[in-house]
Amino acid sequence: MTATVPSITVYGASWCPDCKRARKFLGEQLVPYTWIDLGEHPQAQEIVERYNNGKQIIPTIVFADGSVLVEPSNAALATKLGLQTRAQCASYDVIVVGAGPTGLTAAIYSAREGLDVLAIDRAGFGGQAAITEHGDNYPAFPEGISGAEFAERIVRQARRFGVEMLTAQDVEAIERANNRLAMRTTDRTRYGADAVLVATGSTYRRLEVPGEEDFIGAGVHFCATCDGPFYRGRDVVVIGGGNSAAEEGAYLSGLARSVTILVREAQMTASKMALDKLPAYKNLTVRFNTEVIGFEGHGHLSAVRLRDVTGGGEETLPTAAAFVFIGLLPNTAFLRGTMDLDAQGFVRTSQTLETSLPGVFAAGDCRQGSTKQIAAAVGEGATAALMIRHYLNAGEEARGAAEDV
């Protein structure tokens, strides 16, 4: 892929929530941009004031054509970037909520069956996979593939089969009325569907400390199998005390020069089986009562700031990378009260991936019991599409039988 020269400049500050949101949106859309932090470049304040009639309003986003957006919403950014934010039709055979590997695979399968398919995503197409630096564990790519390229390919394939795709749209509600499903997006538009797939994925729980957002993908990671090989022979840290932290720490010990697991509590909560294996890894150590309070570096992570929660003070620990495993948050808040969710918010489904709301299916990372791997996500997307086809065919047969009576 040919590198794209950034034609967008974002002026802002690291402490500004709207700046973080705008940068996150541009990153999710794989749109290159130049970031100017007013805290590090005070002279840029004059530029911001010039664009805002003497006021310092951020983010101020300047485009190659000379136009400027000030404190834009995601929808305004999407419009400026030429992204589709409203569907062409009011009703579809299948609507897929979430355009990651699971959702787009299901959309491709369904569209190939001749169904009208709409895929909606609040962020960029490709899901978590799109922001993975490099993947080596997906079949058929012997040299590996970047997350951005993987996302670009699957989106291109979906468009080839006629899948309509919307971005920068949150689905606020899904309901069933008169034997048909309806959903409402944040712009108050309603769409009808015969079947719906919820494939909204999950979000890695973050520490929400200074520097974390800045170094995601540049030293701060959430997948050891995806990004661990980039730190072969270097010192890394793992943050967390559960099964994922123990298992991924053990995996990283086979790649890194040293692995330090940082646990905020006085003990790990991982299973006995996982804990019993840790002493065998001689280059792995565990530090308890240790809280991460910040990330430091210039362009790439170089150190983590730590605090002893028992009152032992603070310190800076040099590291090439930090792998954060403090849990997952399913993107299912909009479904509460609509269908059966478990205590953590993951969607409960039957063996056919159908939820407690008839005609609504769930697959991928948002589903209870999913394995949180790209290959598994693609497989669940294909399975969901087959289950949806069976559901739609059964409905047609039932209607046909009723008409014959």
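A residue counts as exposed when its relative accessible area is over 50%, as buried when that area is under 20%, and as partly exposed in between. These cut-offs are applied below to a predicted model. With a relative accessibility of 55%, R257 is therefore exposed.

R257 takes part in a salt bridge. Its partner is D235, and the closest N and O atoms of the two are 2.7 Å apart. D235 belongs to strand β13 (residues 235-239), while R257 sits in the loop between α9 (243-253) and β14 (258-262). The pair therefore ties together parts that are 22 residues apart in sequence. D235 has a relative accessible area of 26%, which means that D235 is partly exposed.

A search of the whole structure gives 20 salt bridges. One of them joins the side chains of D187 and R86, at 3.3 Å from N to O. Both residues lie in loops: D187 between β9 (180-185) and β10 (190-198), R86 between α3 (74-80) and β5 (91-97). This contact ties together parts that are 101 residues apart in sequence. D187 is partly exposed, at 25% relative accessible area.

Another salt bridge links two strands. E291 and R307 form this pair, with 3.0 Å between the closest N and O atoms. E291 is in strand β16 (residues 290-297) and R307 in strand β17 (residues 301-308), so the bridge ties together parts 16 residues apart in sequence. The relative accessibility of E291 is 18%, so E291 counts as buried. R307, by contrast, is partly exposed, with a value of 33%. Elsewhere, E172, R184 and R188 are joined into one network by salt bridges that share partners.

Helix α6 was examined next. This helix holds 14 residues, from 147 to 160. At 1.5 Å a residue it should span 20 Å. The C-alpha atoms at its ends are 20 Å apart, so the expected and computed values agree. Six positions of α6 are named as buried: G147, F150, A151, I154, V155 and A158. Around the axis they cover an arc of only 125°, so they lie on the same side of α6. An α-helix has 3.6 residues a turn, so residues three or four places apart point the same way. Just after α6 comes G162, with a positive phi of about 85°.

Positive phi values also occur away from glycine. E71 is not a glycine, yet its phi is positive, at about 50°. E71 is located in the loop between β4 (68-70) and α3. Its relative accessible area is 44%, so E71 is partly exposed. N289 is a second residue other than glycine with a positive phi, here near 55°. The loop between β15 (284-287) and β16 contains N289. At 24% relative accessibility, N289 is also partly exposed.

The backbone has a further feature at P59. The peptide bond that joins I58 and P59 is cis, with omega at about 0°. P59 is part of the loop between α2 (44-51) and β3 (60-63).

The interior was searched for closed spaces. Two cavities of 30 Å³ or more were found. The second largest cavity holds about 40 Å³ of space. Its lining consists of A13, S14, C19, K20, R23, W35, E213 and D214. Of these residues, three are nonpolar, one is polar and four are charged. Helices α1 (17-28) and α7 (212-215) each supply at least two residues of this lining. The most come from α1, which gives three.

One last contact joins positions far apart in the sequence. A362 and V198 are 164 residues apart along the chain, but their C-alpha atoms are separated by 4.6 Å. A362 is placed in strand β21 (residues 360-362). With a relative accessible area of 0%, A362 is buried.

Conventions. Residues are numbered from 1 along each chain as its sequence is written. This is a predicted model: local features need pLDDT of at least 70, side-chain atom pairs count only at pLDDT 80 or more; totals for chains, interfaces and linings use all residues. Side-chain values use heavy atoms; hydrogens and water are left out. Helices (H or I, at least four residues) and strands (E, at least two) are DSSP runs, numbered from the N terminus. The expected span of a helix is 1.5 Å times one less than its number of residues. Buried means under 20% relative accessible area, exposed over 50%, partly exposed in between (1.4 Å probe, protein chains only). The arc is that of the directions from the helix axis to the C-beta atoms. On a 1 Å grid over the protein atoms alone, a cavity is a set of points where a 1.4 Å probe fits but cannot get out, and a pocket is an open set with protein on both sides within 12 Å along at least five of seven lines; lining residues have an atom within 4 Å of a point. Grid points are joined across faces, edges and corners, and a volume is the space filled by probe spheres set on the points. Ala, Val, Leu, Ile, Met, Phe, Trp, Tyr, Cys and Pro count as nonpolar, Asp, Glu, Lys and Arg as charged, and the others, Gly among them, as polar. A salt bridge is a side-chain nitrogen of Lys or Arg within 4 Å of a carboxyl oxygen of Asp or Glu.
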